[in-house]
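Thanks, everyone. Please bring up the sequence and the model, and we'll walk through them together.

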Amino acid sequence: MQAPSASYSLTVRLEIQNRPGMLGRVTSAIGKAGGDIGAIDLVQVGKTTITRDISFKARDERHGQQIVERVRPLSGVKVVN
């Protein structure tokens, strides 16, 4: 199996409920899908949500989309972009 590559780096903007453990759920989903997280940037903090940009490497474009699709159904997480 091909390893994640910097050639296929993606950044996804997520709006995450501001509760303990939520970032861990997101990063675990990315890791279980085979993504290699490179950076997590704080974009905005609200009363109930935190917006973060998470950059990760994937094997190819299709794999990157599969990773995003693993994050999408997480409760308390909204894929913004």
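Before the layout, one definition. Helices and strands here are DSSP runs, H or I over at least four residues for a helix and E over at least two for a strand, numbered from the N terminus. On that basis, the elements of the protein run β-α-β-β-α-β from the N terminus on. That gives 2 helices and 4 strands.

Keep in mind that this is a predicted model. How confident is the predictor? The average pLDDT of the protein is 93. A score of at least 70 is reached by 96% of the residues. By element, the lowest confidence falls in strand β1, residues 5–17, with a mean of 89. The highest is in β3, at 97. A general caution applies: where pLDDT is low, don't read the predicted coordinates in detail.

Now the overall shape. The C-alpha atoms fill a box of roughly 40 × 20 × 20 Å along the principal axes. The radius of gyration is 12 Å. A compact globule of 81 residues would come out near 12 Å, so the protein agrees with that expectation.

Next, surface and contacts. About 5,000 Å² is exposed, and carbon and sulfur atoms supply 46% of that area. Of the 81 residues, 33% count as buried. Take the contacts between residues at least 6 apart in sequence: 68% of them join residues at least 24 apart.

Let's go to the hairpin. Strands β2 and β3 form it, with 3 residues between them. β2 covers residues 36–45, and the two strands run antiparallel, joined by 8 bridges. Want one pair to find on screen? Look at Leu-42, whose bridge partner in β3 is Arg-52.

Stay on β3, residues 49–58. How much of this strand is buried? 8 of its 10 residues are. Buried means under 20% relative accessible area. With that many residues below the cut-off, β3 is largely enclosed by the rest of the structure. Recall that β3 is also where confidence is highest.

Last stop, helix α1, residues 22–32. Which of its residues are buried? Met-22, Val-26, Ala-29 and Ile-30. Look down the axis of α1: these buried residues fall within an arc of 100 degrees, so they line one face of the helix. Just after α1 comes Gly-34, with a positive phi of about 95 degrees.

To recap: a β-α-β-β-α-β order, an antiparallel β2–β3 pairing, and a helix α1 whose buried residues line one face. Over to you for questions.

How values were computed. Residues numbered from 1 in each chain as written. Predicted model: local features only at pLDDT ≥ 70, side-chain atom pairs only at ≥ 80, totals over all residues. Heavy atoms only, no water. Buried < 20%, exposed > 50% of the residue type's maximum accessible area, 1.4 Å probe, protein only. Pairing = 2+ DSSP bridges. pLDDT = per-residue confidence, 0-100. Rg over C-alpha atoms; globule rule 2.2 N^0.38 Å. Contact = heavy atoms within 4.5 Å. Areas by Shrake-Rupley, 256 points an atom, 1.4 Å probe, with all protein chains shown as cover. Arc of directions from axis to C-beta.
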